[in-house]
Amino acid sequence: MSYDIKSLNVILQDPRKGWPTLDAIGKGWVHHDSELIKKIEELLDKNRICIIRSAEGRGKTVLARLVGFERQEKNWDVFIIEASESKNNIESICNTICHVGDKKRTLFIIENAHTSDKIPSEFVETANKSQKASFIFTARKIFSEETSDDDFGNPFEEWIGNGWCVDLSPDLKTICNIIENFTIEKNRKYTLSPEDELWIKKEFGNEMPNLRRLRFYLEAWNSKGNAPLSSIKREDILENVYKNYIEPLIDPNRKEMLIKVAAVFQFDVNFSGKNFDRNLLEELCNNGVITFLQGYFYRLQHSTDAAYIIEAEAVLREGKDPVVLTLSNLKNYLREWPENYFELLRALSRNDNILSTIFEDSEIYEIIFNMVRQDRIEALSNVMGCLLWSRGKEKGLEFWERHKKSYGSLPEEQKKKLKIKINEASFNEILFLLFIIKKLDIKERDWLLNEILGADGLICKAKESSLSTLSTIVNFLRLARQSGIGEGILKSFCEPSDWKILGEAAGKKIGESKNPFFELHSVQRYSFISKDMALQFVEGIGWDRLNKAINEQFSPDILAAAKKLLTKKCSLTHVQLKEKGIDLEDHKIWLNSFMNRPCPIVSEKQQSIQKNYLTYAGNKFKSIENKIDYNSLNLSLKSWNIFIHNISATCPAEYLKGKIIPLFASMPAERLEKLICESDLYNIGIFLNRFNPEDGIFKWSIPKEIDFKRIKFLENIGDSTLEAISHFLFNFYFIDRGECSHYFAEEIGNNYSTLIPKITNASIAELDFFFWNLWMAMPKGKKPLLFSNKEIMEIILKKLAKEKKDKESILGLIGTLNMSMSPVNEELTSLIDAKTAKAICQKAVTEGSIKFIRLMGGCLLLLPKDDLIEIYKGIQETNFQFNIQVPNQIEALSFIKESSL
């Protein structure tokens, strides 16, 4: 048995492997979500495979081990493989899986399969080959499910398309169940009070709480004796963490080493200890604080634990921001040339501030460059990707040009050495490199594809790889065509593929109401995918499924792609299609697609092929206009919104104005009132925006007798996002019904506590937008009560501590509070410096964005007079004018003028 494959019992009995333990499961202390467990069991029984996905700390590991425990109780052999611990032994592990798993009643749980692109690909291939054993993968949701021409492959794509995954979304009910189990475990008699429930909502929000973090809160609560749960603060957690993790390490050198490990592992990246003091690391392992992995890597039980250790050390001992302590340790770590440096950088891409600061350090930048120069193509791609995402195209391209020159000063020398490096890379690594280079400069991508890789090289690499999904095959075909490979070779390459199985995968995606445009378009697009291959592909989708989707699911552009595939590529006649149950000439099919599914708005940057499908769909719709009357357009407001959107995207503006709008404008007032007032806030907001004086579609006034106060506003808030509420409040101004904005804004003012859960879960950008729109909706001279509510501002400040990088939204939030004469907390203004504020505001003024008003309101608190005058002169030069009259908006601009001059 491979060292990296351990039985479930061994893992559950090892205290270093964390929660849950065998004892905890046996005594019923672990939250048991029977519904989710049942779903996983059904997937395993039916397909042998299940992926459990969620964000950090949401219970993936616990759930997988509970399922494993139940299988073990039924005499199954259950094994655990920690993916991040297996990087140096992947081949041996896969061979062992194939050997051990050559029998039924065997379950492999592969934990943290998201930690590398390479690892899940190897395990996916092994799981597909193994015909008897069952597999559970736990992974964070970091791979994109939306396929496009830019995709370079998601190893789980086919399984996700098949529906073999369970997404975790713990909620308040989950938290309450976990607390109840905790009180049983600790033998405490405790009933949650109303104050406790409010505390839970405030600390964890309504959806997707970090359950690992909850465990820390509960442990701190348990150490407080009889204190109520609602009394526990973050400071208590940090004190508890310091006491349990750091304080017992009396030796300062041990403490320092723990901080080094935690600084890296808080990003779910193992600590490479090769160039660090092995004795200290071994002592920490012996104390059970960290765990040793093969290749001299080390980790803590969980990344949440590591983050708390860093915060406790920074706040309680050193009195500094945890980010400062993190940066110092990460730079020192990179100075030691760790072999997993690019994995760390990639993990940091979720924190742009830290990643940017690291790249800005010239010494560290040079170290990273030199490590990449001596490393594999995988490292080069990842580092350039990190530069692109954190510092922009220019910095990424600069790194690439310098990397090429490191092979030699002459172009031929560069090509020769780069070709050797490329030949050593896998097909997926090459795809990723081409993907990143394309983002930097498409000419460089073409040079790399044609001059370095070449047609023969690409074909060779593709044949070495397992192209088992349609997206990977089509990506290869796209690259192959661009590299000049002839159609005959490409056709012979395509023929061995099982196009019916590929069609089945696309059909399952359609069955789950996912967008199949990429698949339909790709099979239809390439001439070297033959008619027979296309027919097999359609057979794989299934005629019944295709018929149902055409009638109920497809938007106009997808329907156009399906029709072109069936009639042009597959050469199926109208009679043949009718025999299969599909009537593509039926006007109801096209009418349904225009009414029920929105197609994308096509911009100039999008591919011309997308425009062609939309044009085709528009022409099909116009061909049935004589069959459309008022009764056939008896739609809900949502359907009207989709219908108008699709006509606008596919037909000339004159067609909408001349043919469709007159039908709508003739609607009786009482019917229009019912249509609007019985809809949801989101669709009401979209509809009102159609009357925008600047670019609205409707050019008539809504009848004055319509009573918008019949809208059940407060009842609808629960099912509405903050963004939807924001648009709803403001968009009444577009129909000259500002008094409705005032009315609904004051409704919120009197019931603002209903918004606390939404505010808790919102991003800073959403809060900025909502605060501005709420104030705009208020009558002149009034300010929303929630702007000065202490509980709400505490929630926002806590949120800002995590979202400091969104400086524009922070400045906008400050501006709205300032101009509405609401209190502005010093903690808020300390999050953005004057230089950054000025640059953000000037950019908005130059772009003519109306957002400049609230940004300028923030600048009034942060900038000296000379800077304010400079910005205001820029505003005057733009000759900005409002297209609608909003009292507080006009008042805000007057306030800015008076304060700046």
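The following questions and answers concern selected residues, strands and helices of a predicted model.

User: Is Asn731 buried or exposed?
Analyst: Asn731 is found in helix H39, which covers residues 722–731. The cut-off for a buried residue is a relative accessible area under 20%. Because the relative accessibility of Asn731 is 3%, this residue counts as buried.

User: Which backbone oxygen does the side chain of Asn731 reach?
Analyst: Leaving aside neighbours within four places in sequence, Asn731 is in contact with Gly685, Leu688 and Asn689. For one of these residues, a distance of 2.8 Å is given between its backbone oxygen and the side chain of Asn731. That backbone oxygen belongs to Gly685.

User: How is the exposure of Asp833 described?
Analyst: Asp833 is placed in the loop between helix H45 (826–829) and helix H46 (834–847). Residues count as buried under 20% relative accessible area and as exposed over 50%. The relative accessible area of Asp833 is 42%, and therefore Asp833 is partly exposed.

User: Which backbone nitrogen does the side chain of Asp833 reach at 2.8 Å?
Analyst: A polar atom of the Asp833 side chain lies 3.2 Å from the backbone nitrogen of Lys835. The distance of 2.8 Å belongs to another contact of this side chain, with the backbone nitrogen of Thr836.

User: What separation is found between the C-alpha atoms of Asp833 and Leu418?
Analyst: Along the chain, Asp833 and Leu418 are 415 residues apart. In space, their C-alpha atoms are separated by 44 Å.

User: Which strands stand at the edges of the open sheet with the order E7-E9-E8?
Analyst: This open sheet has three strands with antiparallel pairing. A strand with a single partner has one side left without a neighbour in the sheet, so it stands at an edge. The edge strands are E7 (271–272) and E8 (291–293).

User: What is the bridge partner of Phe292 in E9?
Analyst: Strand E9 comprises residues 297–299 and runs antiparallel to E8. Three bridges join E8 to E9. In E9, the residue bridged to Phe292 is Tyr298.

User: At what angle do helix H11 and helix H12 pack?
Analyst: Two packed helices are described by the angle and the distance between their axes. For H11 (residues 234–246) and H12 (residues 252–265), the axes are 11 Å apart, and the angle is about 115°.

User: How many nonpolar residues belong to the contact of H11 with H12?
Analyst: Tyr242, Tyr245 and Ile246 in H11 meet Lys255, Leu258 and Ile259 in H12. Lysine counts as charged, whereas tyrosine, leucine and isoleucine count as nonpolar. The contact thus holds one charged residue and no polar ones, and its nonpolar residues number five.

Methods:
Residues are numbered from 1 along each chain as its sequence is written. This is a predicted model: local features need pLDDT of at least 70, side-chain atom pairs count only at pLDDT 80 or more; totals for chains, interfaces and linings use all residues. Side-chain values use heavy atoms; hydrogens and water are left out. Helices (H or I, at least four residues) and strands (E, at least two) are DSSP runs, numbered from the N terminus. Buried means under 20% relative accessible area, exposed over 50%, partly exposed in between (1.4 Å probe, protein chains only). A polar contact is a pair of N or O atoms within 3.5 Å; within protein, one must be able to donate a hydrogen and the other to accept it, and residues adjacent in sequence count only if both atoms are side-chain atoms. Contact means heavy atoms within 4.5 Å. Two strands pair if DSSP finds at least two bridges between them. Axes are lines fitted to C-alpha atoms, for helices over the stretch in contact, and angles run from 0 to 180 degrees between N-to-C directions.
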